[in-house]
Amino acid sequence: MEITASLVKELRERSGAGMMECKKALTENAGNIDAAMEYLRKTGLAKADKKAGRVAAEGRITMAQKGGNAVLVEVNSETDFVGKDDNFVNFANAVAQIALDTGAADIDALKAAKYTDGSSTVEEARATLVGKVGENVQLRRLVRVDGGNTVAGYVHGGRIGVLVELTGGNEELARGIAMHVAAMNPPYAKASEVPAEFIAKEKEIELAKMTDKDKAKPAEILEKIISGKIAKIINEVTLTGQPYALNTDLTVEAVLKKEGADIVGFKRLAVGEGIEKVVEDYAAEVMKQAGLA
């Protein structure tokens, strides 16, 4: 039987599953829409899209690495409880390895890649997982380093992941700096990366904070005072300017220089950052339903 667009549309409306999943279900069941619906229900795919609107801001960051190539993937769930479920953890670990092995450049490419079972895509495996854990599960972000330089990563408790790329040095040094980035979250790697607009705004703020007495000083003296304050701020917002978390007697820049290394860059992911979470006030909801509020 021909699998028409209208048949796929009808099954999609009945099941709430994705278009590709519906087409596959119909193909597997010779175009029989009732059998296809049962197929989707058995595989959990009929539930997947119905949960897609729920906020998924928990989950975990997973990493995979081979030599100078490494990836971080953020996989989200609705609750921290599911984020620790073995099914979820295994899926998250698997997709990170798939991302590394396939060279997937972004989440869409990762979703289209073959899953470990060889018969489904990562996206289909994600939808199946939704049926198992009963929550919305999303592949949100993927970052990778393929520089072939000195690369190392660090994942803290599945919540924060960092990749660091150096020229020179060794993996132990790169991992130590990744731990520093995880803890301190510097916005920039080097002073040269700090935007001119940021510096101009900080100068404006520092000038506004100065007393009239200081403002009355000669221009060259005033410039030195402002420059000193800006240099301190730049050190605070750059990786190389910060005291090294594993040896606060030295800056990261000093540690790199000592080891004959330089920072190429870093990438940092934290679970749920940038997602607006819905804060539930269950007590207020109960009071409202009881007519007491």
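The exercises below, each with a worked solution, concern a predicted model.

**Exercise 1. Determine whether the span of helix 8 (residues 122–133) agrees with its 12 residues at 1.5 Å a residue.**

Solution.
- Step 1. The expected span is 1.5 Å times one less than the number of residues, and for the 12 residues of helix 8 this gives 16 Å.
- Step 2. The C-alpha atoms at the two ends of helix 8 are 16 Å apart, so expectation and model agree.
- Step 3. The residue that follows helix 8 is Gly 134, with a positive phi near 75 degrees.
- Step 4. Buried residues of helix 8 include Val 122, Leu 129, Val 130 and Val 133. Charged residues are found among the buried ones too, namely Glu 124 and Arg 126.

**Exercise 2. Describe the largest nonpolar core and state which element supplies its largest share.**

Solution.
- Step 1. The core has 27 residues, and those touching the most other members are Val 73, Val 75, Phe 91, Val 95, Leu 110 and Val 122.
- Step 2. At least two residues of this core come from each of strand 2 (69–77), helix 6 (86–102), helix 7 (107–112), helix 8 and strand 3 (138–145).
- Step 3. Helix 6 provides the largest share, with 9 residues.
- Step 4. Val 73 serves as an example: beyond four places in sequence, its contacts include Ile 61, Val 95, Leu 110 and Leu 142.
- Step 5. A separate core of 22 residues has Val 162, Val 164, Ala 178 and Ala 182 among its members.
- Step 6. As a general background, nonpolar side chains in soluble globular proteins tend to be buried together.

**Exercise 3. Classify the ring pair of Phe 91 and Tyr 115 from the angle between its planes.**

Solution.
- Step 1. The whole structure contains 2 aromatic pairs.
- Step 2. In the pair of Phe 91 and Tyr 115, the ring centres are 5.8 Å apart and the planes stand at 35 degrees.
- Step 3. Planes under 30 degrees apart would count as stacked and those over 60 as edge-to-face; the pair of Phe 91 and Tyr 115 is therefore tilted.
- Step 4. Phe 91 belongs to helix 6, whereas Tyr 115 lies in the loop between helix 7 and helix 8, 24 residues apart. Both residues are buried.

**Exercise 4. Describe the surroundings of His 180 and decide whether this residue is buried or exposed.**

Solution.
- Step 1. His 180 is part of helix 9 (residues 171–184).
- Step 2. Its relative accessible area is 0%, so His 180 is buried.
- Step 3. The side chain of His 180 reaches the backbone nitrogen of Ala 245 at 3.0 Å.
- Step 4. Outside its neighbours within four places in sequence, His 180 contacts several residues, including Leu 239, Pro 243, Tyr 244 and Val 252.

**Exercise 5. Examine two of the 12 salt bridges in the structure.**

Solution.
- Step 1. Glu 273 and Arg 141 form a salt bridge whose closest N and O atoms are 3.0 Å apart. This pair links distant parts of the chain, as Arg 141 is in strand 3 and Glu 273 in the loop between strand 8 (262–270) and helix 14 (282–289), 132 residues apart.
- Step 2. Glu 273 is partly exposed at 29% relative accessibility, and Arg 141 is partly exposed at 21%.
- Step 3. Glu 206 and Lys 209 form a salt bridge with closest N and O atoms 3.3 Å apart. They are 3 residues apart in helix 10 (residues 196–209), so about one helical turn separates them.
- Step 4. Glu 206 is buried at 8%, whereas Lys 209 is exposed at 58%.

Methods
Residues are numbered from 1 along each chain as its sequence is written. This is a predicted model: local features need pLDDT of at least 70, side-chain atom pairs count only at pLDDT 80 or more; totals for chains, interfaces and linings use all residues. Side-chain values use heavy atoms; hydrogens and water are left out. Helices (H or I, at least four residues) and strands (E, at least two) are DSSP runs, numbered from the N terminus. Buried means under 20% relative accessible area, exposed over 50%, partly exposed in between (1.4 Å probe, protein chains only). A nonpolar core is a set of buried Ala, Val, Leu, Ile, Met, Phe, Trp, Tyr and Cys residues joined through side-chain atoms within 4.5 Å. Contact means heavy atoms within 4.5 Å. Rings of Phe, Tyr and Trp (its six-membered ring) pair if their centres lie within 6.5 Å; planes under 30 degrees apart count as stacked, over 60 as edge-to-face and the rest as tilted. A polar contact is a pair of N or O atoms within 3.5 Å; within protein, one must be able to donate a hydrogen and the other to accept it, and residues adjacent in sequence count only if both atoms are side-chain atoms. A salt bridge is a side-chain nitrogen of Lys or Arg within 4 Å of a carboxyl oxygen of Asp or Glu.
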